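Subject: A structure for you to look at

Hi,

Here is the structure I promised to pass on. Have a look around it first, and then read my notes underneath.

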Amino acid sequence: MEIILTSEYQTELQGLVDWLIEELAAVSIVPTELQWTILVNHLNEMLRRSKTDDTIPEVDPLMFSEVSSEALNLADGVVKKIDNLTKDEMYVLSIHFETAKQN
C-alpha cells in the first residue's frame, strides 16, 4: 500500500497494520479496500501526531453514544498501542471500525 511505503513512520505503520489485521479478524470485521486505505491514512496521521505532540480538536463523547463497545475497544487498543495521543482520538477512530462492521 502506497501510504505505508511513503510514510515517514513506515516500519511502525506496517507493524500497526499487521497487528490490526489480526485484531479485526478476531472480531470478524473485514474492511473494504477503500476503508483500509482511509484507515491506514488515519493511522499514519495518528502516528505523526503522537511523535509531534499534535492533538485533534476535543470531541464530545456523547456524539459517539451509538458506536458499539466493540468498535470503541478496538480504537482504544490502537490509541494505547500508538501512545501519546488524547482520548479524543479513540472516538474519531472508532467510526472506521463501526463502519466496517456494517460490511
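Please keep in mind that this is a predicted model. I began at the end of one helix, with Asp83, which lies in the loop between α4 and α5. Asp83 comes just after α4 and takes a positive phi of about 75°. That caught my eye for a general reason: most residues other than glycine have a negative phi. Asn84 is found in that loop between α4 and α5 too, and although Asn84 is not a glycine, its phi is positive, at about 60°. Is Asn84 buried or exposed? Asn84 falls in between: its relative accessibility is 44%, so it counts as partly exposed.

Next, step back into the helix itself. Helix α4 covers residues 69-82, which makes 14 residues. From its first C-alpha to its last, α4 reaches 20 Å, close to the 20 Å expected at 1.5 Å a residue. The buried residues in α4 are Ala71, Leu72, Leu74, Ala75, Asp76, Val78, Val79 and Ile82. If you look at the spacing of those numbers, a general rule may help: an α-helix has 3.6 residues a turn, so residues three or four places apart point the same way. And what covers the buried residues of α4? The cover includes α2 (10-26), α3 (33-52) and α5 (87-101).

That leads to the nonpolar core. The largest one has 31 residues, and those that touch the most other members are Leu13, Leu43, Met46, Val78, Leu93 and Phe97. Each of α1 (2-6), α2, α3, α4 and α5 supplies at least two residues of this core. Which helix gives the largest share of the core? That is α4, with seven residues. In general, nonpolar side chains tend to be buried together in soluble globular proteins.

Phe97 is a good residue to click on. Leaving aside neighbours within four places in sequence, Phe97 is in contact with Leu20, Leu24, Ile29, Leu39, Ala71, Leu74, Ala75 and Val78. Among these, Ala71, Leu74, Ala75 and Val78 also appear in the list of buried residues of α4.

One last residue to find is Asn44, which lies in helix α3. With a relative accessible area of 13%, Asn44 is under the 20% cut-off and therefore counts as buried. Not counting residues up to four places away in sequence, Asn44 touches Ile3, Ser7, Tyr9 and Leu13. Leu13 is also one of the core residues that touch the most other members.

Enjoy exploring!

Best wishes

Methods:
Residues are numbered from 1 along each chain as its sequence is written. This is a predicted model: local features need pLDDT of at least 70, side-chain atom pairs count only at pLDDT 80 or more; totals for chains, interfaces and linings use all residues. Side-chain values use heavy atoms; hydrogens and water are left out. Helices (H or I, at least four residues) and strands (E, at least two) are DSSP runs, numbered from the N terminus. The expected span of a helix is 1.5 Å times one less than its number of residues. Buried means under 20% relative accessible area, exposed over 50%, partly exposed in between (1.4 Å probe, protein chains only). Contact means heavy atoms within 4.5 Å. A nonpolar core is a set of buried Ala, Val, Leu, Ile, Met, Phe, Trp, Tyr and Cys residues joined through side-chain atoms within 4.5 Å.
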